[in-house]
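Me: I am new to this structure and would like a close look at a single part, the surroundings of the ligand. Please start there and then connect that part to the rest of the protein.

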Amino acid sequence: MRIAIPRETQSGENRVPITPDVAKKLVRMGANLQVESGMGTGSGFTDEQFTEAGATIVSDRNELFSSADMLLRLNKPTAEEIALMQRGAIHISYLDPFNEHALVNAFKDAGVTSISMEMIPRTTRSQKMDALSSQANLAGYVMVMKAASELPRIFPMMMTPAGTLKPANVFVIGAGVAGLQAIATAKRLGAKVTAFDTRPVVAEQVQSLGAKFLEIDLGETGETAGGYAKELTPEQVEKQQQAQADIIAKSDVVITTAQLFGRKPPVLITKDVVERMAPGSVIVDMAAESGGNVEGSVPGETVEWSGVTIVGTGNWAGEVPRDASQMYSSNLFNLVEDNWCEEKKLFVVDFNDDILPGCIITHGGEITNDTIKNIIE
Ligand code: NAD
């Protein structure tokens, strides 16, 4: 099977889908691996390392796309790239299928099997393939580092002959994968951390990291069968906004990671609350690019409102591309290996598998994923 790894072309993207170590493993499994020249540069990997791993370096990008049986990559393709692919080819990447309706239809019309990394079910068996988690973990770390570098004070308490510095107060909203890592990182730096999540089950996880869980009685909240947070009613959102306003006003750093799978994230911090924070305080809005948890955050930018720095730069895991590439590459490899036929040396699309059908969006000229089909058709 001919597996192609194109160079990522999205601006500012330094992560790469496959590292030389994973390339070696794919070749050992029997794949004919074709890597676009310069593919690894963003994360510091050279063409020579991929050649040593047993891959062939290809300079002609059109040829790479049109001859591949399978493409492994990070970001979604363009419509032009889909048009180059063979009918029956398999394309695995992030895809944002809830919003990218035209791309899903382009995959369907081209007869390409598209697999979305965001749609891998969050089960125990699929943890090794779960790129949302691997990248969110790094995002949690990076967001705290960003906040620390913007804040005009330090995180830990410091007792010196010149006086005592109090620890910074950090408030984390949303304690999923990214939020828990943000809490752990801020604790490691010595901050006093409080967190809130609408899923009551995470209170214990927050406390086990040494942070305080803010209790807010929102009535019925809970989670979906897939383990995601349920959307709050407008009344519940307003209640949450009011209940956390005082703690936000007193925080040096607020990190928002509240997301709703497949839907726009809720606005949880309004401008009047930002204005109550001390000048120099920092808010990091993880969701800035998909709508924002914070009024006034700007996707891709760091802005100031009423003396408060609001960071919405996005692509958080991309700030540590070497580690992010290693983890993503490993997620991709595990997905391929799990569906690899050793005898025929190819990836088998099996709709009886317990993981694969959930993340296949299109196959054989159809949209096979019911959730996405219901939204698009
Ligand atoms: P996510 O990115 O969808 O959301 C981040 C967090 O925001 C979640 O904890 C969510 O509850 C929270 N949130 C939503 N609305 C909020 C609000 N109004 N206020 C405060 N917080 C709010 O979630 P995720 O981090 O990707 O994790 C989703 C779920 O999947 C979790 O239950 C997690 O434990 C589970 N998970 C399971 C596995 C596995 O078993 N393989 C792996 C990873 C995650």
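Reply:

**Around the ligand**

In this predicted model, the ligand is surrounded by 32 residues, and the closest are Gly174, Gly176, Val177, Ala229 and Ala258. By class, the shell around the ligand holds 15 nonpolar, twelve polar and five charged residues. Two of the helices that contribute to this shell are helix 6 and helix 7 (177-188), each with at least two residues in it.

Helix 6 also leads from the ligand to the packing of the protein. The largest nonpolar core has 106 residues, and those that touch the most other members are Met143, Val172, Ile183 and Ile255. Helix 6 (residues 131-150) gives this core nine residues, the largest share. Residues of the core come from both domain 1 (2-116 + 321-368) and domain 2 (136-319), so the core lies between the two domains.

Ile183 shows what such a position looks like in detail. Leaving out residues up to four places away in sequence, Ile183 touches Val172, Ala175, Val193, Ala195, Val206, Leu209 and Ala211. One of these contacts, Val172, is itself among the core residues that touch the most other members.

The two domains can also be described as a pair. The domain assignment gives domain 1 as 2-116 + 321-368 and domain 2 as 136-319. Their centres, taken over C-alpha atoms, are 34 Å apart. Eight residues of domain 1 and five residues of domain 2 make the contact. On the domain 1 side, the touching residues are three nonpolar, two polar and three charged.

Helix 5 offers a second view of packing, away from the topic of the ligand. In helix 5 (residues 101-110), the buried residues are Leu103, Val104, Ala106, Phe107, Lys108 and Ala110. They pack against helix 4 (79-84) and helix 13 (370-376), and also against strand 6 (113-116), strand 18 (360-363) and strand 19 (366-367). Just after helix 5 comes Gly111, with a positive phi of about 70°.

A last point is the confidence of the prediction. The protein has a mean pLDDT of 96, and 100% of its residues reach 70 or more. For the complex, the predictor gives an ipTM of 0.94 and a pTM of 0.95. Where pLDDT is low, predicted coordinates should not be read in detail.

Technical notes
Residues numbered from 1 in each chain as written. Predicted model: local features only at pLDDT ≥ 70, side-chain atom pairs only at ≥ 80, totals over all residues. Domains from an automatic or database assignment. Contact = placed C-beta atoms within 7 Å. Nonpolar A, V, L, I, M, F, W, Y, C, P; charged D, E, K, R; others polar. Core = buried A, V, L, I, M, F, W, Y, C linked by C-beta atoms within 7 Å. Buried ≥ 20, exposed ≤ 12 C-beta atoms within 10 Å, placed from the backbone. Helix = DSSP H or I, 4+ residues; strand = E, 2+ residues; numbered from the N terminus. Near = placed C-beta within 6 Å. pLDDT = per-residue confidence, 0-100.
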